[in-house]
Amino acid sequence: MRKHRIVTWLAAVGLSGALLVSGCSGSRDAAGNTGEKVSLKLGYYSSGSSDAKMQEMVKRFMDKHPGIEVTTESAPYGKFFQKLDTQIAAGSAPDVWLSDGVYVAKFAERGAAKDLTDWVSKDLNTDDYYGLEFNKDANGRYWGVPQGVQIAVLFYNKEMFDKAGQPYPNENWTWDDLKQAAEVLTLDSSGRNARDPAFDGKAVNQFGLAFFSITEGWMSVLKSYGGGVLDETMQKSVIQSPENKRALEWIVDGMKRNLFTDPSDLKSFKSPVAPFPSRQAAMRIGIYARVLAANEAGLNYDVTLLPKGPDGKRFAPIIANSWVINSKTSDAKAQAAWEWIKYWVTDDEVQKEWARLGEAVPVKKSVANSPLFLETGTPPQNKQAFLDSFAFAGRLDDNAVWEEWLSKFNDSINRAFLGEMPVEEALAKADRDVQQVLDAFYQK
């Protein structure tokens with residue numbers, strides 16, 4: 001993230017999958033304030049049992065902080081963020097909200113998020129938490145504190161591997177190893193695999209790999225091949241590179257041979273993330289939240305580290321969904337909001353209660369490394385893979401215009417995936433279009 005810029009808020013477009021959002025606030029009653037209650041507005045998107053648990057956490061917080069009165073507002077995920085953009089522009093946003101991890105940079109660079117660096121340095125031991133460093137900008141400033149962490153691993157259906165007589169994926173796998181396994185695990189309507197000369201690629205009943213979008217698709221491959229989208233400044237495109245060309249050729253080959261789901265294949269499913277839990281894909285790149293659907297479907301599955309690139313490099317996309325404090329809120333409300341954030345990340349009971357929902361990797365390392373998370377008695381058995389993946393985790397090249405550049409990138413790359421445009425041409429077009437988006441914002 002580059003220099004913090006206070007600019008007119010521009011409404012965002014769309015949103016990529018994420019988790020529960022909630023906010024709350026609190027103040028220190030013994031801090032020498034007026035003694036009057038601080039009223040804080042908390043914004044979150046609602047989701048069944050998660051919403052109920054969040055409300056429970058809010059009540060507990062107010063019981064512990066009688067000087068703070070929390071009011072909440074909620075909406076489904078997409079509607080919540082659309083409304084939030086409007087609220088920010090109108091100066092009526094919540095005092096604290098939970099941001100999708102890919103939006104923290106947007107809120108910070110557009111002047112909507114409060115700089116939390118001093119509070120983080122004073123009140124938190126940064127070594128105690130997962131994901132905190134992914135809320136820092138290029139100058140080392142913190143703009144959010146994680147509520148829960150999503151990190152990608154390789155999911156695989158053990159029953160399908162057993163039936164095909166294939167050994168399970170392991171930590172030594174390369175992407176080429178994955179593709180070789182996918183050849184055997186991709187089946188047509190007659191049960192023939194992709195190595196059979198009579199295999200019908202137009203009638204695939206079981207794909208080798210479910211391949212979806214940026215987080216659970218191409219970014220892991222690009223980065224592990226040594227490529228990516230933006231440079232370290234997050235203001236310059238590096239799309240047109242030999243590394244990206246090799247990575248995209250690997251992906252396109254898998255889609256052309258019907259081993260991986262392509263954008264047109266996904267349209268036949270109820271949702272783009274459905275192939276694996278619906279037993280129509282043997283493997284998938286998946287964040288921790290995908291555990292819920294796999295378990296609800298009763299799959300016999302497990303997880304392992306994502307494969308290595310040609311030079312042994314790994315990359316696991318990470319999304320640190322984080323608490324953000326409104327930069328326009330009053331000092332008293334900001335202090336109260338910080339008390340909520342501290343309560344969330346430092347209180348063992350809060351962390352344990354949230355971990356039991358099974359939606360995300362816990363933020364507090366001591367809880368994440370405990371049997372409460374690692375030995376739940378439900379799949380996947382190898383939950384340690386999520387924690388081990390932090391060693392090579394990275395952000396999704398997110399910045400103030402992440403949604404805008406991602407849309408331009410996908411426009412070109414999806415055409416390559418569908419065989420409508422050569423890889424080199426798609427990369428060149430994506431490079432031009434993405435740089436145009438970056439320049440329009442950063443060169444003002």
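Let me start with the cavities: in this predicted model, the count comes to two cavities of 30 Å³ or more. The largest of them holds about 80 Å³ of space, and the second largest holds about 60 Å³.

What lines the largest cavity? If you follow along in the structure, you will find Gln 147 and Gly 148 there, together with Trp 344, Gln 351, Trp 354 and Ala 355, and then Gly 358, Glu 359, Ala 360, Val 361, Pro 362 and Val 363. Two elements, β4 (145-151) and α12 (348-356), each give two or more residues to this lining, and α12 gives the most, with three residues. Sorted by class, the lining of the largest cavity has seven nonpolar, four polar and one charged residues.

The second largest cavity has a lining drawn from other parts of the chain, including Gly 101 and Val 102, Phe 134 and Asn 135, Ile 318, Ile 319 and Ala 320, and also Arg 395, Leu 396 and Asp 398. Here the residues divide into six nonpolar, two polar and two charged.

Now, please keep Trp 344 in mind, since this residue, which lines the largest cavity, will come up again in a pair of helices. Helix α1, residues 48-64, and helix α11, residues 331-346, have axes that come within 11 Å and cross at roughly 115 degrees, and the crossing is right-handed. On the α1 side the contact is made by Met 54, Met 57, Val 58, Arg 60, Phe 61 and Lys 64, while α11 brings Ala 336, Glu 339, Trp 340, Tyr 343 and Trp 344. Which classes do these contact residues fall into? Eight of them are nonpolar, none is polar and three are charged.

Let me finish with a sheet. It is an open sheet of five strands, in the order β6-β7-β8-β5-β9, and its pairing is mixed. Why is one side of β6 and of β9 left without a neighbour in the sheet? Both β6 (187-188) and β9 (301-304) stand at the edges, where each has a single partner strand, and so one side of each stays without a neighbour. As a reminder, strands of a sheet pair through backbone hydrogen bonds, and they do so either parallel or antiparallel. One pair to look at is strand β7, residues 204-210, with strand β8, residues 281-286, which run parallel and are joined by three bridges. To find one of these on your screen, go to Phe 207, whose bridge partner in β8 is Ala 281.

Conventions: Residues numbered from 1 in each chain as written. Predicted model: local features only at pLDDT ≥ 70, side-chain atom pairs only at ≥ 80, totals over all residues. Heavy atoms only, no water. Axes fitted to C-alpha atoms, helices over the stretch in contact; angles between N-to-C directions. Helix = DSSP H or I, 4+ residues; strand = E, 2+ residues; numbered from the N terminus. Left-handed = near helix turned anticlockwise from the far one by under 90°. Contact = heavy atoms within 4.5 Å. Nonpolar A, V, L, I, M, F, W, Y, C, P; charged D, E, K, R; others polar. 1 Å grid on protein atoms, 1.4 Å probe; cavity = no way out; pocket = protein on both sides within 12 Å on 5 of 7 lines; lining within 4 Å. Points joined across faces, edges and corners; volume = space filled by probe spheres on them. Pairing = 2+ DSSP bridges.
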